[in-house]
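Colleague: Hi! Could you put the model up and walk me through it?

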Amino acid sequence: MQPADYQLIILGGGPAGLTAGLYAARNKLRCLLVEKGAQGGQVLTTDWVDNYPGFIEGTTGFELVEKMSAHAARFDLQTMFAHVTSFDLKGEIKILQLENGEKLTAQSVIICAGGSPGKLYIPGEEVFTGKGVSYCATCDGPFYKEQDIAVVGGGNTAIQEAIHLTKFARKVTVIHRRKELRATRIVQDKAFANDKIDFIFDAEVTEIKGGENGVEQLILSHKNGTGSTLEVSGIFILIGVVPNTEMLPMDDLEKDEYGFIITDTEMKTNLPGVFAAGDIRSKNFRQIINAAGEGATAELSAEHYLANL
Amino acid sequence: MASDKVMHISDDEFDSKILQGDLPCLIDFWAPWCGPCKAIGPMIDELAEEYDGKIRIAKMNVDDNPATPGKYGIRAIPTLILFKDGEKVDQITGAVGKPQLTELINKVV
């Protein structure tokens with residue numbers, strides 16, 4: 001067997017990566033977790049996590065990942081902040097090229113690079129990002145005290161964050177392209193009971209307009225063919241995730257029509273020794289608990305792979 | 001470890017310490033309720049140590065100090081603004097990685 005720096009490299013430090021790292025470090029693998037930005041991933045942008053088992057009263061997204069990170073650190077998980085610019089994952093030795101010129105090699109890799117908030121790709125969205133267009137209610141909500149704002153989306157994240165935003169805003173208008181929300185019943189009921197939240201169904205935002213001070217108005221297109229405008233100073237776009245695959249060798253990896261990596265139930269990708277876990281995987285449900293569970297499965301699969309080399 | 005090289009500044013100190021300071025300055029606008037802000041904290045501390053003497057790294061709590069964020073139109077955090085000779089040079093919004101922050105700092109160092 002050829003020598004490699006590590007038995008396992010984990011890419012990404014959200015719940016999937018941190019759980020895989022916890023397992024690998026506890027099982028004494030020569031393992032490295034590589035994270036490009038801040039550890040935690042998208043959970044950091046979650047205001048409140050109410051359904052992670054064991055946290056009876058609920059917890060903040062930040063506290064949850066801080067605990068996961070500390071848990072992995074207890075077993076001395078080695079981590080590195082670095083940006084990987086290219087990968088060669090096809091051979092027996094996996095090669096990761098870093099931005100600083102350094103090269104890392106490993107016998108196996110778990111990809112937990114996660115997802116990023118989906119964008120609408122409409123006029124005004126990019127120029128007003130940070131000036132009224134936001135993808136993180138937890139981060140930016142308090143800047144909209146006593147103002148009128150909009151939330152785009154109908155899933156759990158959108159509706160839960162719309163409820164959170166009512167702590168600050170005067171009025172929150174949820175704009176959803178279908179006639180019914182996708183969010184879980186308990187979340188929907190809370191939102192419908194909140195008199196600060198208005199709903200516009202069967203409508204899409206087609207343009208974001210504003211001036212020097214940021215967003216002022218949204219242009220809406222309704223399913224019945226009519227158009228309208230909505231005066232808001234902020235728009236929170238919470239329409240789901242896109243996979244963080246920019247730097248990954250997606251020509252070599254099997255993926256679904258939306259670009260998410262396809263694995264089997266043991267988290268194996270089509271490449272031997274390469275596994276994927278968390279939001280970057282092709283699947284129906286993206287929850288913190290299943291990202292963590294998949295991280296554990298991926299690590300155990302990697303160990304099984306290493307033992308049979 | 002929190003670095004003692006990171007300066008915590010208020011609205012009142014902004015003009016004297018940042019705009020009229022002797023060094024270029026990177027200010028991290030943050031708040032205790034912002035997870036991504038807290039997550040980039042260790043990176044800000046590392047940068048303060050690495051660039052000690054070349055650039056001043058400062059933090060401003062936007063809850064306690066509304067005037068400065070208002071003046072610079074900040075409506076999202078974390079936002080990091082780079083100042084040199086009393087002028088805003090550039091800014092980044094969001095929890096970016098260390099390479100992007102280094103790239104930003106290298107514009108004035």
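Modeller: Sure, starting with contacts in chain A between residues at least 6 apart in sequence: 63% of them join residues at least 24 apart. Two residues are in contact if their C-beta atoms, placed from the backbone, lie within 7 Å. This is a predicted model, where local features need pLDDT of at least 70 and side-chain atom pairs count only at pLDDT 80 or more, while totals for chains, interfaces and linings use all residues. Residues are numbered from 1 along each chain as its sequence is written, with chains lettered from A and ligands numbered from 1 in the order in which they are written.

Colleague: Thanks. How many helices and strands in chain A?

Modeller: Chain A has 6 helices and 17 strands. Those are DSSP runs numbered from the N terminus: helices are H or I with at least four residues, strands are E with at least two.

Colleague: And what radius of gyration does chain A have?

Modeller: Chain A has 21 Å, which agrees with the value near 19 Å for a compact globule of 309 residues. The radius is taken over C-alpha atoms, and the globule rule is 2.2 Å times the number of residues to the power 0.38. Along the principal axes, the C-alpha atoms of chain A fill a box of roughly 65 × 40 × 35 Å. Buried residues make up 46% of the 309 residues in chain A. Here buried is 20 or more other C-beta atoms within 10 Å of a residue's own, exposed is 12 or fewer, and partly exposed is in between, with C-beta atoms placed from the backbone.

Colleague: What does the domain assignment of chain A give?

Modeller: Domain 1 (6-117 + 241-307) and domain 2 (133-237). The bounds come from an automatic or database domain assignment. The C-alpha centres of the two domains lie 32 Å apart, and 4 residues of domain 1 are in contact with 8 residues of domain 2. The domain 1 side of that contact has 1 nonpolar, 2 polar and 1 charged residues. For the classes, Ala, Val, Leu, Ile, Met, Phe, Trp, Tyr, Cys and Pro count as nonpolar, Asp, Glu, Lys and Arg as charged, and the others, Gly among them, as polar.

Colleague: Now helix H4 of chain A: why is it largely enclosed?

Modeller: Because 9 of the 10 residues of H4(A), residues 156-165, are buried. Among them are A:Ala158, A:Glu161 and A:Leu165. The cover over the buried residues includes helix H3 (137-140), helix H5 (185-192) and strand S9 (148-152) of chain A.

Colleague: At what angle do H4(A) and H5(A) pack?

Modeller: About 35°, with their axes 9 Å apart. Axes are lines fitted to C-alpha atoms, for helices over the stretch in contact, and angles run from 0 to 180 degrees between N-to-C directions. The crossing of H4(A) and H5(A) is left-handed, meaning the near helix is turned anticlockwise from the far one by less than a right angle; right-handed is clockwise. By class, the contact between H4(A) and H5(A) has 5 nonpolar, 3 polar and 1 charged residues.

Colleague: And how do helices H1 and H6 of chain A cross, left-handed or right-handed?

Modeller: H1(A) passes H6(A) in a right-handed crossing. The axes of H1(A), residues 15-26, and H6(A), residues 288-307, come within 7 Å and cross at roughly 40°. The contact involves, among others, A:Gly17 and A:Tyr23 of H1(A), and A:Ala292 and A:Gly295 of H6(A). It comes to 11 nonpolar, 3 polar and 2 charged residues.

Colleague: Over to chain B. How many residues does it bring to the contact with chain A?

Modeller: Chain B brings 19 residues and chain A brings 24. On the chain B side, H2(B) has the largest share, 5 residues. By class, that side has 11 nonpolar, 5 polar and 3 charged residues.

Colleague: Any odd backbone spots?

Modeller: Most residues other than glycine have a negative phi, and most peptide bonds are trans. A cis peptide bond joins B:Ile77 and B:Pro78, with omega about 0°. A:Asp76 has a positive phi of about 60°, and B:Asp85 has one of about 50°.

Colleague: Are those two Asp residues buried or exposed?

Modeller: A:Asp76 counts as exposed, with 10 C-beta neighbours inside 10 Å. B:Asp85 also counts as exposed, with 10 such neighbours. The loop between S4 and S5 of chain B holds B:Asp85.
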